[in-house]
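Welcome! Here are a few short exercises to work through with the sequence and the 3D view side by side.

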Protein chains: 2
Amino acid sequence: MDFARADALNQAIRLLSLRHRARAAALLTPLGLHPGQEVLLLELARSGPMIQAQLSGALGCEPPSVTLMASKLEASGHIRRSPAPTDRRATLVELTDSGRELADQVRRAWRTLAEETVVGLGEETVASLPEILGTLAENAGAGRRATGANATTRRPRRTGRG
Amino acid sequence: MDFARADALNQAIRLLSLRHRARAAALLTPLGLHPGQEVLLLELARSGPMIQAQLSGALGCEPPSVTLMASKLEASGHIRRSPAPTDRRATLVELTDSGRELADQVRRAWRTLAEETVVGLGEETVASLPEILGTLAENAGAGRRATGANATTRRPRRTGRG
DNA sequence: CGCATAACATTATGCGCTTAACCAAATTGT
DNA sequence: ACAATTTGGTTAAGCGCATAATGTTATGCG
């Protein structure tokens, strides 16, 4: 691929990232949410209670990020955290009533955002977008946590002695 | 658009943002750059010296971000900043020799990133991506700094009296 | 069983980008 | 020409997400 194409592509992705996030923020602010928290609510609304490690996997972000999102959503009363019955390390996360209501509103905002975003594109193009973007994301995420390759790259933890 | 589609789309964009940025970071780290700085170098390499306001427009980010990127690139010796001859408020930014060399390496990394990202997609699809993604970004950025609409939303500046 | 290793979660820290607030210089309107 | 506004730039503060390091519980192997 020549540089011009590569640059156009990377720039477009970068721009899209910034703008899409900014627009999401604008739509979520009236709901009292910051971008990042909405996906957690939506995931819980879709798949029911789960532990944070599962959320981390589902949302595609790292555990510390989940901890922070969850803390804030708990503080605002939209989710509840309790020790998992089967594993005393894990924290089970579930929606509260308020969280369920909020999730409905988030769903509306989410639809608005998507509809705004694809204005001017043909129906077929729009239909093919999720898969294309999914492929792009997967490709960009290669070299990450083993989709079958080596996963043996875990450092020995440097267990502090004293 | 139904929620499932909207969600798939938004999630894919979100994921792509995270992954693409992460991959960019991984490729740029060996060059001593953090993601965000590369686009400034590339823009200067492409269009020659310009003032920060122009950079802000070209990169699609806010002036304070440009100030920060530029500060760091100046500190690492890749760009030079000087007062603009025609406008005493403005700062003219240009590449140093070291910056030009680095920009070449960034170009290579940029190509690698793009090529990795589109693996598995048909040639036609790849060719259509920049325009599609550009449209998405533009749509998501609507309601921003007037593409012809109202631009009169400037607050009166609260000129502190005492 | 007992010990090493892996997994879940958290805290601390760092970077990028944003908005808000501000100074300085240029432009416009009367 | 002078006041009001607009534009260029910077600093301060805030948030999201990342990695590094740590505590705690579960698991796997001798």
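**Exercise 1.** How far is a phosphate oxygen of DNA strand D from an N or O atom in the side chain of B:Thr67?

*Solution.* Before we start, note that this is a predicted model, where local features need pLDDT of at least 70, side-chain atom pairs count only at pLDDT 80 or more, and totals for chains, interfaces and linings use all residues. Residues are numbered from 1 along each chain as its sequence is written, chains are lettered from A and ligands numbered from 1 in written order, and side-chain values use heavy atoms, without hydrogens and water.
Step 1: find B:Thr67; the distance is 2.8 Å.
Step 2: turn to B:Ala53, where a polar backbone atom is 2.5 Å from a phosphate oxygen of the strand.

**Exercise 2.** Which part of DNA strand D lies 2.4 Å from a polar side-chain atom of B:Arg89?

*Solution.* Select B:Arg89: the partner is a base oxygen.

**Exercise 3.** Which helix gives the most residues to the surface near DNA strand D?

*Solution.*
Step 1: collect the 28 residues that surround the strand, counting a residue as near if one of its heavy atoms lies within 4 Å.
Step 2: pick out helix 4 of chain A, which gives the most, with 4 residues.
Step 3: sort by class to get 10 nonpolar, 7 polar and 11 charged residues.

**Exercise 4.** What share of the atoms of DNA strand D within 4 Å of the protein belongs to sugar or phosphate?

*Solution.* Sugar or phosphate accounts for 69%, and bases for the rest.

How values were computed: A polar contact is a pair of N or O atoms within 3.5 Å; within protein, one must be able to donate a hydrogen and the other to accept it, and residues adjacent in sequence count only if both atoms are side-chain atoms. Helices (H or I, at least four residues) and strands (E, at least two) are DSSP runs, numbered from the N terminus. Ala, Val, Leu, Ile, Met, Phe, Trp, Tyr, Cys and Pro count as nonpolar, Asp, Glu, Lys and Arg as charged, and the others, Gly among them, as polar.
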